[in-house]
Amino acid sequence: MSVIPTIQKALVLPAKYAEYAVRTVPVPRPGPGRLLIKVRAVALNPVDWKIQKNGILYHEFPAIAGSDIAGTVEEVGEGVQGFALGDRVIEQGAFTIPTSGFQQYAVANPAVTAKIPDGLSFEQGATIPVGLITAALGLYTRGLPPGKELDHGSAGLQAPWEEGGRGKYTGKPFFVFGAASSVGQFVVQLARLSGFSPIIATASPHNADFLRSLGVTHVLDRKLSLEQLRAEIAKITKEPLDVIYDAVSLPETQLAAYELLEPGGTLVLVLYSAIPAEKLASEPKKRVVKAYGQANFPQENLAVAAVLYKHLTAWLEEGAIKPNRVEVLPGGLEGIPEGLERLRTDRVSGVKLVARPQETA
Ligand SMILES: NC(=O)c1ccc[n+]([C@@H]2O[C@H](COP(=O)([O-])OP(=O)(O)OC[C@H]3O[C@@H](n4cnc5c(N)ncnc54)[C@H](OP(=O)(O)O)[C@@H]3O)[C@@H](O)[C@H]2O)c1
């Protein structure tokens, strides 16, 4: 095992709305009950540009972002069981400086850390944590405190890792807006594990074959109008759409999803609701919830995520869950800002952008 340095390179946000810049900063220390990870690959997420452009989530600076982390265990904190030095793992940053992935070392919570099977690279592994947890928490978290559904909610389905959960919804249709997005790809795979069929999804037509390989049965062009979508769905199924997951949650996709949803059903969003309040009030039987894709907190998320993480290595080995396709960015941490700009301007399609922090000059 390599000696852990005291300083490292990090992509730092020096102040609210400032430009990201590579700086030398201290290596974080893990403390009891935590792991220190050498970050071999970090995937980019839309939240990482929103942190910079919209000034969200971080209030102390300099800050470090980056949530999708793959690497090796370099230090095992006191009391941690089940992990050893050198283990190849994936885990999710928690929007704090020590836990974030746009740096060469990060601190992880072992309860939501999983080993990567031999057949998967660090880069593939890094594509999994945020997308999978956002999909899973939005579908399967139960017992959430009432009244916060538009901030932190779920369809409340039985999870495929629970007894009788795999295949439980056989014969029921499922609709995903934006199946080619990172979150959407995991929604599709979980819907397949839950047994839903048909799985109907919107995407750009060039992603159709890829999405069928993940479990989508019918790919509809993302450019179709609501009336065209309705007509296409009628040709596919006569069953009601009780669960719709809108993995892009643009105002227009939210409205279309809401119209297609059966009364009594649940629409899961990934962004705040843009559905007019009067519309929500006039159709009270349609539930609208927003997933909150953070494995580390609050406690209801951590409880569900910890169980999912216990199953994750086996699912990856089995191929039940496949990572996103990867595009590696050049230049280590230096390559991240340009990648974030491509995400912001909708210039990434069906792949996850991944950086290798150890390659930073
Ligand atoms: N609530 C949370 O905790 C949480 C967690 C994670 C992400 N999010 C949010 O969820 C959204 C998706 O994140 P992500 O990382 O999955 O995004 P992403 O992978 O960067 O999404 C890119 C994909 O979105 C698809 N897309 C864009 N506009 C579309 C439209 N009108 N209809 C259908 N597909 C469309 C494109 O599909 P095609 O290539 O097929 O055109 C593209 O491949 C972001 O807004 C993100 O901030 C929220």
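**Exercise 1. Leu312 and the nonpolar cores**

Find out which residues Leu312 is in contact with, leaving aside its neighbours within four places in sequence.

*Solution.* Taking contact to mean heavy atoms within 4.5 Å, and setting aside the neighbours within four places in sequence, we find that Leu312 is in contact with Ile90, Ala114, Ile128 and Leu132. Before going further, note that this is a predicted model, in which local features need pLDDT of at least 70 and side-chain atom pairs count only at pLDDT 80 or more, while totals for chains, interfaces and linings use all residues. Residues are numbered from 1 along each chain as its sequence is written, and side-chain values use heavy atoms, with hydrogens and water left out.

The next step is to place Leu312 in its wider setting. A nonpolar core is a set of buried Ala, Val, Leu, Ile, Met, Phe, Trp, Tyr and Cys residues joined through side-chain atoms within 4.5 Å, where buried means under 20% relative accessible area, exposed means over 50%, and partly exposed lies in between (1.4 Å probe, protein chains only). The largest nonpolar core has 61 residues, and the members that touch the most others are Phe174, Leu190, Tyr245 and Leu312. Helix H9 (residues 299–318) gives the most to this core, namely eight residues; helices (H or I, at least four residues) and strands (E, at least two) are DSSP runs, numbered from the N terminus. Because domain 1 (7–128 + 323–359) and domain 2 (131–290) both give residues to this core, the core lies between them. Another core, of 34 residues, lies apart from it, and Tyr20, Leu35, Val80 and Val89 are among its members.

**Exercise 2. The two domains**

How far apart do the C-alpha centres of domain 1 and domain 2 lie, and how many residues does each give to the contact?

*Solution.* We start from the domain bounds, which come from an automatic or database domain assignment. Between the C-alpha centres of the two domains there is a distance of 28 Å. In the contact, 11 residues come from domain 1 and 12 residues from domain 2.

**Exercise 3. Two sets of strands**

Work out the order of the open sheet of three strands, and then describe how strand E12 pairs with E9 and with E13.

*Solution.* Two strands pair if DSSP finds at least two bridges between them. The order of the open sheet is E2-E1-E4, and its pairing is antiparallel. Strands E2 (21–26) and E4 (63–64) are the edges, since each of them pairs on one side only. Strand E1 (residues 7–13) is joined to E2 by six bridges, and Ile7 stands opposite Pro26.

Turning to strand E12 (residues 243–246), we find it parallel to strand E9 (residues 174–177), with three bridges between the two, and Asp246 is the bridge partner of Phe177. Four bridges join E12 to strand E13 (residues 266–269), again in parallel, with Val243 opposite Thr266. In a regular strand the side chains alternate between the two faces of the sheet. In E12, Val243 and Tyr245 point one way, Ile244 and Asp246 point the other way, and all are buried.

**Exercise 4. Two loop residues**

Decide whether Ser100 is buried or exposed, and do the same for Glu262.

*Solution.* Ser100 belongs to the loop between strand E6 (88–92) and strand E7 (105–108), and it counts as buried because its relative accessible area is 0%. Its side chain makes two polar contacts, a polar contact being a pair of N or O atoms within 3.5 Å; within protein, one must be able to donate a hydrogen and the other to accept it, and residues adjacent in sequence count only if both atoms are side-chain atoms. One reaches the backbone oxygen of Ile64 at 2.9 Å, and the other involves the backbone oxygen of Thr96 at 2.8 Å.

Glu262, in the loop between helix H7 (251–260) and E13, is partly exposed, because its relative accessible area is 32%. Apart from neighbours within four places in sequence, it is in contact with Pro240, Leu241, Asp242 and Lys286.

**Exercise 5. The ligand**

Which residues are closest to the ligand?

*Solution.* A residue is near a molecule if one of its heavy atoms lies within 4 Å of it. There are 30 residues around the ligand, and the closest are Lys50, Ser204, Arg222, Gly293 and Ser349. Polar side-chain atoms lie 2.6 Å from a ligand oxygen atom for Arg222 and 2.5 Å from a ligand oxygen atom for Ser349. For Ala291, a backbone N or O atom lies 2.9 Å from a nitrogen atom of the ligand.
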